[in-house]
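Here are my notes from a first pass through the model. Have it open while you read, and tell me where you would look next.

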Amino acid sequence: GIDWGKVFELKTYENAYVNITTESCYFQNEIHITDKSIKPLYFYQIPLFLASPGHVYYLRERFGFDLFDDLIDHSYDNETDHRKRFFMVLEQILWLNNNQNHVKEYYRKNKNRLFKNRLIASQIKDSKNDINFFFGLILYLFNKVFKEFTNAYLGSVRILLKGCLLG
């Protein structure tokens with residue numbers, strides 16, 4: 001497994017309570033979880049996501065992460081209008097910034113929840129479930145493309161042979 005503590009500069013994560021994560025997919029209507037979403041949870045941070053709709057829900061339901069709904073209003077996760085979703089996230093950022101003492105106290109009182117998230121993140125990096133899923137997906141797509149290519153190729157051969165036999 002990957003030891004994220006050795007891969008990433010720890011100083012980037014150790015001096016912040018909150019992590020504003022910009023995911024790869026924002027405008028698309030697909031959920032794309034990358035290491036960017038897992039890192040703040042691994043490094044004991046409270047995440048806020050600039051991502052496609054349903055991202056927060058998926059992290060919670062698929063992996064079981066605690067996303068601190070009692071501190072952050074993640075209702076932006078349900079918003080499909082990209083502009084509105086952006087401003088909803090911005091409102092949360094401003095609220096957190098204007099309530100820094102509250103955030104620090106909340107963090108101090110909820111370390112057990114942060115530790116649990118790190119445990120979950122640690123288990124993800126060692127999990128074979130997602131790797132097996134992606135290998136299966138690649139195999140499926142390869143077979144589908146190969147079948148379509150073979151059918152197109154055989155169709156061309158049939159047309160060529162038909163032309164030769166008739167010509």
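1. What sign does phi have at Gly 64, the residue that follows H4? Positive, with a value near 85°. Bear in mind throughout that this is a predicted model.

2. While we are at H4, have a look at its buried residues: His 55, Val 56, Leu 59 and Phe 63. These four sit on the same side of H4, because the arc they cover around the axis is only 110°.

3. On to the strands. S1 takes in residues 18-22, and its side chains alternate. Asn 19 and Thr 21 are buried and point to one face, whereas Val 18, Ile 20 and Thr 22 point to the other and are not buried. S1 runs parallel to S2 (residues 46-50), with 5 bridges joining the two. Across from Thr 21 you will find Phe 49 of S2. To get from S1 to S2 the chain passes through helix H3 (residues 35-42), and the resulting β-α-β crossover is right-handed.

4. Ser 37 is worth a click. Its place is in helix H3, and it counts as buried because its relative accessible area is 0%, against a cut-off of under 20%. Setting aside residues up to four places away in sequence, Ser 37 touches Thr 21, Glu 23, Phe 49, His 55 and Leu 59. So two of the names from the strand pairing, Thr 21 and Phe 49, turn up again around this serine.

5. Now the core. The largest nonpolar core has 28 residues, and those touching the most other members are Ile 46, Phe 49, Leu 59, Phe 65, Leu 67 and Leu 71. Two or more residues come from each of H3, S2, H4 (55-63), H5 (82-98), H6 (100-109) and H7. As background, nonpolar side chains in soluble globular proteins tend to be buried together. For a closer view, pick Leu 67: apart from neighbours within four places in sequence, it is in contact with Leu 41, Pro 47, Phe 49, Val 56, Leu 59, Arg 60 and His 74.

6. Aromatics next: there are 8 aromatic pairs in the structure. One of them is Tyr 42 with Phe 43, an edge-to-face pair at 5.0 Å centre to centre and 85° between the planes. Both rings belong to buried residues, since Tyr 42 has a relative accessible area of 4% and Phe 43 has 8%. Another edge-to-face pair is Phe 68 with Tyr 106, at 6.2 Å between centres and 80° between planes. That one links distant parts of the chain, as Phe 68 is in the loop between H4 and H5 while Tyr 106 is in helix H6, 38 residues apart. Phe 68 is buried at 0% relative accessible area, and Tyr 106 also counts as buried, at 8%. There is a cluster too, in which ring pairs link Tyr 58, Phe 63 and Phe 65.

7. Last, is Asn 112 buried or exposed? Exposed, because its relative accessibility is 56% and the cut-off is over 50%. Asn 112 lies in helix H7, residues 111-126. Its C-alpha is 9.8 Å from that of Tyr 44, though the two are 68 residues apart in sequence.

Notes
Residues are numbered from 1 along each chain as its sequence is written. This is a predicted model: local features need pLDDT of at least 70, side-chain atom pairs count only at pLDDT 80 or more; totals for chains, interfaces and linings use all residues. Side-chain values use heavy atoms; hydrogens and water are left out. Buried means under 20% relative accessible area, exposed over 50%, partly exposed in between (1.4 Å probe, protein chains only). Two strands pair if DSSP finds at least two bridges between them. A crossover is right-handed if, with the strands pointing away from the viewer, the path from the first strand over the helix to the second runs clockwise. Contact means heavy atoms within 4.5 Å. A nonpolar core is a set of buried Ala, Val, Leu, Ile, Met, Phe, Trp, Tyr and Cys residues joined through side-chain atoms within 4.5 Å. The arc is that of the directions from the helix axis to the C-beta atoms. Rings of Phe, Tyr and Trp (its six-membered ring) pair if their centres lie within 6.5 Å; planes under 30 degrees apart count as stacked, over 60 as edge-to-face and the rest as tilted.
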